[in-house]
There are 2 protein chains.
Amino acid sequence: MTPGKVTVYDVAGEAGVSIATVSRVLRDHPNVADGTRDRVKQAIDALGWRPNQTARALAGKTNDAIGIVFPDLSGPYYAEVIRGFERTSGHRSAVHILATHERPSAHDHVRGLAERVDGMVVMGQTVDDELVAELVADGLPVVLLARPAVGSTPVVATDNAGSARALADHLVDHGHDTVALLGDPDHAPDVEERFTAMRGALEARDVDPGEPILTRGFEVEDGAIAMIEAWEAGRRPRAVMAANDQLAAGIYRAADAIGLAIGTDLAVTGWDDHDLAGLLHPGLTTVAQPMRTLGTRAANAVLTLLAGGQVDSVVLETELVVRDSCGPDCPLAPPLPHPSSRSTTGG
Amino acid sequence: MTPGKVTVYDVAGEAGVSIATVSRVLRDHPNVADGTRDRVKQAIDALGWRPNQTARALAGKTNDAIGIVFPDLSGPYYAEVIRGFERTSGHRSAVHILATHERPSAHDHVRGLAERVDGMVVMGQTVDDELVAELVADGLPVVLLARPAVGSTPVVATDNAGSARALADHLVDHGHDTVALLGDPDHAPDVEERFTAMRGALEARDVDPGEPILTRGFEVEDGAIAMIEAWEAGRRPRAVMAANDQLAAGIYRAADAIGLAIGTDLAVTGWDDHDLAGLLHPGLTTVAQPMRTLGTRAANAVLTLLAGGQVDSVVLETELVVRDSCGPDCPLAPPLPHPSSRSTTGG
DNA sequence: TTGTAGGCGTTATCAC
DNA sequence: GTGATAACGCCTACAA
């Protein structure tokens, strides 16, 4: 049986035709007599033949695959993007997902991936500009996702600056006059964008955020540690804007340890609208990103590129999700103690 | 420039040798004169040659890649597994991640992936037994992850039954005598295992869990909806054991809507020890799985298989994480209002 | 130690 | 319509 070993030659022999004809039938080429076509088709599934993908790729055609490179896969963010991506592109190509995890070998892995796909999506700070440029120069269709532009390569992104400013303004409206930023802008371009916009909005209202409280990653634990250390070092913000929801959750934990009440003693905001964000106590004020749409758009973009089309960059809207962690008596927050009306399933 | 177009022939020409020698140098074959080796190496990086992976694979050798198939990528579970997996195998091979999302085309995608890798890890209910058997029969090294065995294919799994029983017992110890199961056992073999064990433990203590409250998925929203519907249908459990933490979080939401207090009116347990589980209010009692280790073990297993070695199945220990959602005055729960001592970064 | 030549399984360009 | 046959880029006996 072992269907992996059947080749065009076997099928051709079985059907009494040449391999060229088998190939034509496979690719639905018009110039094949109906009778022949039937015979070949019968031979194909009699033998259970499936064309060897590697050989097909070598012969100069397509890999029938698209690659997507992520910095990491944890958190609520990526899974949804992938979902959107696969829903859109998965019917036409295989999707190879690569997580670089900031490994030094990332460069090689990306290059390796590039050889196995027909197009590639690059998300965040995973691949440096130089490599992106090389890939593009090699003729590989590339789409950038939530990442600064490189040359004229199309970018699909979400609006960081707008919501960042809105969030900062909202905090100032609450009366907070000492607010700090918490995260690691150096390892995530979108975080850097957010921080820059937040700082701008705060300074415009005469609030100086000072130096960001640096974290060593973007997990709950990282946020808790950084916050506690900052506190012990004498930092006394009344409001902290975290780079994402998990770091924000870390602040909840730190507040617990320090003896601070979130919302009253210390305002906190996050980013992403994590699926459990609304169930924290108090509910976390954050920013929702259209993650699945991000994936869908990226997929459509590569597919268009593959088809030889032109793609323009897009910036998708983000949405403020105001709950209670931003401060007491929030004019925008819903009334319930556990604000939970917001759906997490998204669009 | 375009390095993608350089071939062995170019390098051979540049170095004044044959392609065979180039190939030998590349593969560190011993029988090459030192001088020749140097000349070839210089030529290689003078031209920036990188062997074409597709051609290499076609020539009958290796794909330099391992595949890993997941049912889905959302939730706290998979990202960690992948992390462990890539840490271990990533230096030696590329890793192709495939999420099937229960698509009907999953079968084809898995077959397609099988052609591009040297070995494969299959997690959960993503691939039916028949296909697994086919792949194995075709000679592909396969490792099963958190999935029922198929033939003698090695399985890496976590202990579902033990912790499930412990969790059920703990609930009964709390005095709960009407407990329900919530989830979708039909679409996740590990959930089925947990439910079976829970049911057994409950019945041994004369508690009848009745029919599980069925959900349509494993997201927060799915849990909330199912719980509310069950309540409206007259179901009145005093304790609910959810299949995972997200569904459990959904119960928190439902409880809010219904007007029930988690921990007192309604006990809840989850599974996975989601990174925010300890920050829910009250903290969620759940079960921690060694997710990264799961990935590490799986990776080691395929690597061993690739090297021609033998691999035995393993079952990794899981750990009860008792917080407050299981009921008031829990003898095992930590004293703080927001129990948060447990690290989420894992081992 | 090094080179020649025949695959690996398709696709695609020619003739017929 | 159909069939040889030359790529595609590399690996690897087998020779030299």
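Visitor: What makes up the surface near DNA strand D, counting elements that each supply at least two residues?

Guide: α2 of chain A, together with α1 (8-15), α2 and α4 (53-58) of chain B. The largest share, four residues, comes from α2(A). Helices are DSSP runs of H or I with at least four residues, strands are E runs of at least two, and both are numbered from the N terminus. This is a predicted model: local features need pLDDT of at least 70, side-chain atom pairs count only at pLDDT 80 or more, and totals for chains, interfaces and linings use all residues. Residues are numbered from 1 along each chain as its sequence is written, chains are lettered from A and ligands numbered from 1 in the order in which they are written, and side-chain values use heavy atoms, leaving out hydrogens and water.

Visitor: What makes a residue count as near a strand?

Guide: One of its heavy atoms must lie within 4 Å of the strand. For DNA strand D, 27 residues surround it, with T21(A), R24(A), A33(A), T36(A) and V8(B) the closest. Of the strand D atoms within 4 Å of the protein, 65% belong to sugar or phosphate.

Visitor: Why is the approach of W49(B) to DNA strand D called a polar contact?

Guide: An N or O atom in the W49(B) side chain is 3.0 Å from a phosphate oxygen of strand D. A polar contact is a pair of N or O atoms within 3.5 Å; within protein, one must be able to donate a hydrogen and the other to accept it, and residues adjacent in sequence count only if both atoms are side-chain atoms. The W49(B) pair therefore qualifies. R27(B) has a polar side-chain atom 3.5 Å from a phosphate oxygen of strand D.

Visitor: Why does D222(A) have no salt bridge?

Guide: The nearest side chain of opposite charge, R216(A), is 5.4 Å away. Lys and Arg count as positive, Asp and Glu as negative; His and the chain ends are not counted. A salt bridge needs a side-chain nitrogen of Lys or Arg within 4 Å of a carboxyl oxygen of Asp or Glu, so R216(A) does not qualify. D222(A) is also buried, meaning under 20% relative accessible area, with exposed over 50% and partly exposed in between (1.4 Å probe, protein chains only).

Visitor: What does the side chain of D222(A) reach?

Guide: The backbone nitrogen of F218(A), at 3.2 Å, and that of E219(A), at 2.9 Å.

Visitor: How do you know that helix α8 of chain B has a span close to the expected one?

Guide: The expected span is 1.5 Å times one less than the number of residues. For the 13 residues of α8(B), 18 Å is expected, and the helix reaches 18 Å from its first C-alpha to its last.
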